[in-house]
Amino acid sequence: MPTLILLRHGRSTANTAGVLAGWTPGVSLDERGAAQAATLPGRLADIPLAAVVTSPLQRCRETLVPLLAARPEVPLHTDERIGECHYGDWSGRKLKELADDPLMDVVQRYPSGAAFPGGESLRAMQDRAVAAVRDWNARVEAEHGADAVYLMCSHGDIIKSLVADALGLHLDLFQRIAVDPCSITAIRYTALRPFLVRLGDTGDLGGLAPSAATLEGRQGRPGQEGQATVGGGAGAP
């Protein structure tokens with residue numbers, strides 16, 4: 001079965017503003033995100049891509065512009081099933097404002113039971129993303145063979161949920177996974193089991209250094225340290 005490269009979109013204006021974007025229209029890459037996207041042709045130069053599949057959202061499409069300009073022969077497809085989680089009434093709100101919402105504890109501790117008001121549940125989000133990957137695995141293998149490699153450009157929570165599925169982890173553990181903007185995660189699917197061969201690879205180790213946000217969390221109110229950023233966070237400064 002094919003190898004799937006999961007690419008999280010570059011850093012967005014919502015990431016830097018600390019806003020949970022969801023499906024809010026008009027969320028673009030910021031200056032750093034555009035610079036991150038510009039490195040993709042070089043980072044992926046040695047990988048033959050059979051296809052590229054993208055979330056329909058602007059920040060994903062913008063992330064792919066440099067790669068597709070360098071590889072015009074690679075077909076582009078759009079699949080709404082790998083679009084961001086529908087956060088409903090939470091969409092467009094500051095993450096700091098959402099921190100005290102009782103639902104945030106559920107999102108952090110029991111995500112399989114979390115459903116966003118006016119939106120969808122995290123379980124439904126994972127189900128549709130996993131179904132999309134299964135369908136695209138079959139299609140890419142049928143058209144390009146079992147050794148083919150293809151790329152999906154998606155979002156932090158979507159990618160984390162797909163990694164959890166590949167590792168056989170319960171969705172309640174998916175908040176232990178982190179994927180920075182424009183990071184590459186690769187899963188090699190086989191008839192027996194998937195293999196996670198890359199996770200959140202950004203090509204540098206800057207994201208391992210303590211960030212201002214991390215230090216702020218340690219100094220903030222009790223219970224904040226170790227919480228996952230809903231939507232994926234802004235990555236290294």
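**Aromatic cluster and strand β2**

At 3% relative accessibility, Phe116 counts as buried (under 20% relative accessible area, with over 50% exposed and partly exposed in between, for a 1.4 Å probe and protein chains only). The model is predicted, so that local features need pLDDT of at least 70 and side-chain atom pairs count only at pLDDT 80 or more, whereas totals for chains, interfaces and linings use all residues. Residues are numbered from 1 along each chain as its sequence is written, and side-chain values use heavy atoms, with hydrogens and water left out.

A search of the whole structure finds two aromatic pairs, where rings of Phe, Tyr and Trp (its six-membered ring) pair if their centres lie within 6.5 Å, and planes under 30 degrees apart count as stacked, over 60 as edge-to-face and the rest as tilted. The rings of Tyr87 and Phe116 are edge-to-face, because their centres are 5.0 Å apart and their planes stand at 85°. Tyr87, at 0% relative accessibility, is likewise buried. With centres 5.2 Å apart and planes at 65°, Trp90 and Phe116 also form an edge-to-face pair, and ring pairs thereby link Tyr87, Trp90 and Phe116 into a cluster.

In strand β2 (residues 51–54), a DSSP run of E of at least two residues, numbered from the N terminus, Ala51 and Val53 point one way and Val52 and Thr54 the other, and all are buried. Strand β2 runs parallel to strand β4 (residues 149–154), to which four bridges join it (pairing requires at least two DSSP bridges), and Val52 stands opposite Leu151 in β4. Three bridges pair β2 with β3 (residues 76–78), again in the parallel sense, and here Thr54 stands opposite Thr78.
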